[in-house]
Amino acid sequence: MVENALRYRDDEPVADPAVTVDAFAEQTNASAVRIEPGDDARILLPHLGRLSLVEVNFPAYTDGRGYSAARILREHGYDGELRAVGDVLLDQLSHMRRCGFDSFAPNQAIDRAAADKALATWPEVYQKTVDGRAAIWAKRHGLA
Amino acid sequence: MYQYDQYDQAMVDARVAEFRDQVNRRLAGEMTEDQFKPLRLKNGLYLQLHAYMLRVAIPYGTLNSAQMRMLGDIADKYDRGYGHFTTRQNIQYNWIKLEDAGDILADLASVEMHAIQTSGNCIRNTTADQFAGAAADELEDPRPYAELLRQWSTFHPEFDYLPRKFKVAIIGSDTDRAAMKLHDIGIQIVKNAAGEIGCRFYVGGGMGRTPMIAPVIGDFVPPLQMISYLEACLRVYNRYGRRDNKYKARIKILVHEIGADEYRRQVEEEFAHILTLGLEPPPAELERIKGYFADPGFETGLSGDIDRSDPDFALWLDQNVHAHKQPGYAIVTISLKPTGGIPGDASADQIRLMADLAKAHSFDELRVTHAQNIVLPHVKKADLYALWQKLDAAGLASANLDLISDIIACPGLDYCSLANARSIPVAQKISERFADLGRQRELGELKLKISGCINACGHHHAGHIGILGVDRKGVENYQLLLGGSEGADTSLGTITGPGFNEDGIVDAVEKATDVYLAQRTDGERFLDTYRRIGMAPFKEAIYG
Ligand code: HEM
Ligand code: SF4
């Protein structure tokens, strides 16, 4: 059971413990991996098929490397659980969702209702990312 | 000028509601200052030495008279009757109460303005050539690109926690009026041999404690791939920029450490991938935005003659008025640098007057310059004299553009908690020492820039004459730099030697100008003479 879990997926949570990127390279049967800020998410790209959980660690909320890691994985078709863990705060949730995170395990619990409210902050979005939301430019020009 | 549609308005309205809620939670004690700090910084609200400071974004330095009027009203209603125009073409208010912050943002939103991303380690407000759409030497108007960039960078989810703040400038002329090469990214719109328009990307410039001039990274990026190229540049930086030391966290350090070639290679690789994702707004979006920046209804067949019989007017005309692309029109720069004044400050009444003048004489448009002045971009030549008289009556007709008293100065120790020394009093003393306009004109173009500490908010590295405030055993001390420039010929200044006290630095500046007057050849500016004769004669005069 993941502590403080907030999930935006319908499937069952993955029970396997996430291994480090180094260990993942050696354990050919591991299906859950944990990325640290300094890890290159692209190392995982050849193995996306066997992954069902990627945890991205945020030791400090100010370190934004995990946003790029998440987006890169989604851009290459990863559709398993993408979980932000660590110093994950209420005011960051909406950007994280936009970068492809669909699950959160914050150090300090976030109330589900507050999270839902935070995720609804932006009525529209200016950029196309990996969350499927239509960018404002797409709506303006009938592309959405 | 660009106008919000329902989408743009919905975004700023959502921001006001969000911030109001955050302020209320803070005032109710539900949040500590530590928790609140990153949130208020995302809205340009700094806690300074004496009060909160609010920085309001003026996207690419362009605004209409209703917006300018609102800036004046805010100065009256929530500040002490002043606003301070900054080197990043924004405006700051130095005496703000936290309780008022939500109302101020709501007032701003009512005229399509905001304080989004005016601080924090995110993509800041984009700056641009203040003569955009008016300059006689313009290749392409940079404003539509700047607006496209504004929208793309607003609440960009991947780049809100970069290693450090990120500043972009964009120009469309060979003359660089925006210090483009001293930005994290500088974009120059250029034409290739085939006559096509493209974006030249300079990446990794900056000032601060390690000043660097940006190298060219993308020589010619098609305009309809500009956003994708930006995504690539930012992603490489977000992933690999240094986070272990905040003084080495700007993109300039990354580009410098891995080298421009390696950075370019990584960007190209990322760019190739990003092009497959369809992130770029369609051509119709750039066209839609361009529609807002079409020329205003210029009259044709106007006379170019100006009656120069009033000598004071003639001086102002020669110094503060530039050539316009449209015959019969001119570009007016209103100097916010009166003798003894605070560079960039304007009173609420002055701000409203400039708004009125823009409405009456400049198709409702104003610009803020990075040198902390205000531009009326489209003034009929026939109106210039009447306009000048109104400016003169309001103390806004200083005829000193680009002269030694047109000083850029940061807030310094009078307001800033990071300062080592005061900047404003030094600027005031220098402008008083050189108060005689004839003397200033004799010295010609001379850009003097002052920062109160190594962070270089006052661009001292890029001044023909730069002044840097340092702390010397607890006493304010000023170093002198010579030879910087931020135009198309960007260069970084060199420190002359040991520093001076407040009066000493004014004397040292004067001695430097004496060397120039004695040594110059025909047509040489201060900077040209320095470049020709080098530091030695100046050193000798200053310390000898
Ligand atoms: C009053 C409070 C201010 C504080 C605390 C402050 C803080 C800083 C800091 C820490 C830096 C260095 C950043 C770095 O090198 O990574 C910096 C740079 C800079 N700031 Fe400020 N600043 C203030 C006011 C201003 C104002 C009024 C302006 C004008 C809009 C301004 C414009 C700049 C510019 C142009 C730079 C240089 C950018 C570069 O390094 O490339 N700052 N500021
Ligand atoms: S240069 Fe230093 S003193 Fe001046 S505003 Fe920036 S941080 Fe403050």
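This passage describes the internal cavities, the surroundings of ligand 1 and one helix of chain B in a predicted model.

Across the whole structure, seven cavities of 30 Å³ or more are found. The largest of these has a volume of about 140 Å³. Its lining consists of B:M1, B:Y2, B:Y4, B:P59, B:Y60, B:T62, B:Q67, B:E112, B:M113, B:E147 and B:R150. Six of the residues lining the largest cavity are nonpolar, two are polar and three are charged. The second largest cavity holds about 100 Å³ of space. Its walls are formed by B:P59, B:H114, B:I116, B:Q117, B:I123, B:R124, B:N125, B:T126, B:R150, B:S153 and B:T154. In this second lining, three residues are nonpolar, six are polar and two are charged. B:P59 and B:R150 contribute to the linings of both cavities.

Helix α5 of chain B, spanning residues 143-153, is largely enclosed by the rest of the structure, because eleven of its eleven residues are buried. The buried residues are B:R143, B:P144, B:Y145, B:A146, B:E147, B:L148, B:L149, B:R150, B:Q151, B:W152 and B:S153. Among them, B:E147 and B:R150 take part in lining the largest cavity, while B:R150 and B:S153 belong to the lining of the second largest cavity. Just after α5(B), the backbone of B:F155 adopts a positive phi of about 55°.

Ligand 1 is surrounded by 21 residues, of which B:T86, B:T87, B:K165, B:M207 and B:C457 come nearest. Classified by residue type, the shell around ligand 1 contains seven nonpolar, eight polar and six charged residues. Polar contacts to oxygen atoms of the ligand involve both side-chain and backbone atoms of chain B. A polar side-chain atom of B:R250 is placed 3.0 Å from an oxygen atom of ligand 1, and a polar side-chain atom of B:R164 lies 3.3 Å from an oxygen atom of the ligand. From the backbone, B:G208 supplies a polar atom that is 3.3 Å from an oxygen atom of ligand 1.

The iron atom of ligand 1 has B:C457 as its only protein donor, through SG at 2.2 Å. B:C457 is also one of the residues that come nearest to the ligand. In the secondary structure of chain B, B:C457 is located in the loop between β17 (448-451) and β18 (465-472).

How values were computed. Residues numbered from 1 in each chain as written. Chains lettered and ligands numbered in written order. Predicted model: local features only at pLDDT ≥ 70, side-chain atom pairs only at ≥ 80, totals over all residues. Heavy atoms only, no water. 1 Å grid on protein atoms, 1.4 Å probe; cavity = no way out; pocket = protein on both sides within 12 Å on 5 of 7 lines; lining within 4 Å. Points joined across faces, edges and corners; volume = space filled by probe spheres on them. Nonpolar A, V, L, I, M, F, W, Y, C, P; charged D, E, K, R; others polar. Near = heavy atom within 4 Å. Polar contact = N/O pair within 3.5 Å; in protein donor to acceptor, adjacent residues only side chain to side chain. Donors = N, O, S within 2.8 Å, 3.2 Å for Na, K, Ca; no water. Helix = DSSP H or I, 4+ residues; strand = E, 2+ residues; numbered from the N terminus. Buried < 20%, exposed > 50% of the residue type's maximum accessible area, 1.4 Å probe, protein only.
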